[in-house]
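This report looks at side-chain pairing, surface exposure and enclosed space in one protein chain. The structure comes first, and the terms are explained as they arise.

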Amino acid sequence: MLERWARPLARLWNGTARLMDAIYRPLGRPGKLLQDFLNGSWLGHSLHPVVVDVVVGGSTVAVLLQVLSWFGVGEVRVALVWTLGLTWLSGVAAIVTGLTDFKDTATGDERNVVGLHGLINIVAALAFLGAFLGLLAAADAVAGWLLVIGYLILSVGAFIGGHVVFKYGYMVNRNAFARGKAAKEFTAILPAADLADETATKATLGATTLVVVRRGDLVFALKETCSHAGGPLSEGKLVGDTIVCPWHSSAFRLRDGAVRHGPASTRQVAYRARINDGQVEVQGPLT
């Protein structure tokens, strides 16, 4: 049902994603570092839900204070003003982080529903701003109704956000339930002669697909499926000590799979790797 509602606005969602990319791309490295911060690459998971928690919690407290004031409980107005201000500021942060994540959202129904989620929450944030300004202007009755309406709208947006996460696995670790086959001992995965130097090469360990990189006598091996959105790292490019996903440019350190740049926020599964008796061997994964 949500997908049907969101599809007619597909051009809006796709245009928004292109606009966000057009804003960040010319900023170069500073823009990339800003994206890393807003994506939550430094945090270990998406930053967006962290600030959303403040929005939901703050708006819930604000509604409670508003209801108490309607029932004649005194001395709550100042607390209501401050709580609404915090809620709105957190809403702005949620919009900015959400739009940054949205830039790298898969096209189709996933992007459509995420876009609908974002649009509804923007409307809620505007309602909270109106309520806050209404309180400052002593229009308490209007502010109260705007607050309640905004809270109801936010609740719908939050429900859609949960739908996106639980149905599409949005901004979650794509390797969480499939870390890969374990190799307690070093296990051969391909002949060393088939591994060209400085070339990302696909190999398999049982049913697990790896990307293997050789640099002279050193060999590195990561799970091939990008933790952000499932992109094929074997088709990525090598930049310094990292491999960059071809889909959304997440960069992972070859040595241990650590995230160097987002939108990924979860490290890539890594294996110990070596060349022994003409074979490329791996052990792990690393913890």
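A residue counts as buried under 20% relative accessible area, as exposed over 50%, and as partly exposed in between, with a 1.4 Å probe and protein chains only. By that rule Arg260 is partly exposed, because its relative accessible area is 38%. The model is a predicted one, in which local features need pLDDT of at least 70 and side-chain atom pairs count only at pLDDT 80 or more, while totals for chains, interfaces and linings use all residues. Residues are numbered from 1 along each chain as its sequence is written, and side-chain values use heavy atoms, with hydrogens and water left out.

**Salt bridges**

Side chains of opposite charge can pair when their charged atoms come close. With a salt bridge taken as a side-chain nitrogen of Lys or Arg within 4 Å of a carboxyl oxygen of Asp or Glu, the structure holds 10 of them; the table lists three.

| Acidic residue | Basic residue | N to O distance |
|---|---|---|
| Asp140 | Arg77 | 2.8 Å |
| Asp241 | Arg260 | 2.9 Å |
| Asp256 | Arg255 | 3.8 Å |

Asp140 and Arg77 meet in a salt bridge that links distant parts of the chain, with Asp140 in helix α7 (residues 140-168) and Arg77 in helix α5 (residues 77-102), 63 residues apart. Helices here are DSSP runs of H or I with at least four residues, and strands are runs of E with at least two, numbered from the N terminus. Asp140 is partly exposed at 32% relative accessibility, and Arg77 is partly exposed at 36%.

The salt bridge of Asp241 with Arg260 also links distant parts of the chain, 19 residues apart, from the loop between β5 (237-239) and β6 (242-244) to strand β8 (residues 259-261). Asp241 counts as partly exposed because its relative accessibility is 35%.

In the pair of Asp256 and Arg255, Asp256 is buried, with a relative accessible area of 15%, whereas Arg255 is exposed at 53%. Salt bridges that share partners join these two residues and Arg253 into one network.

**Enclosed space**

The lining of the largest cavity includes Met171, His228 and Thr266. Here a cavity is a set of points, on a 1 Å grid over the protein atoms alone, where a 1.4 Å probe fits but cannot get out, and lining residues have an atom within 4 Å of a point.

Terms used:
On a 1 Å grid over the protein atoms alone, a cavity is a set of points where a 1.4 Å probe fits but cannot get out, and a pocket is an open set with protein on both sides within 12 Å along at least five of seven lines; lining residues have an atom within 4 Å of a point.
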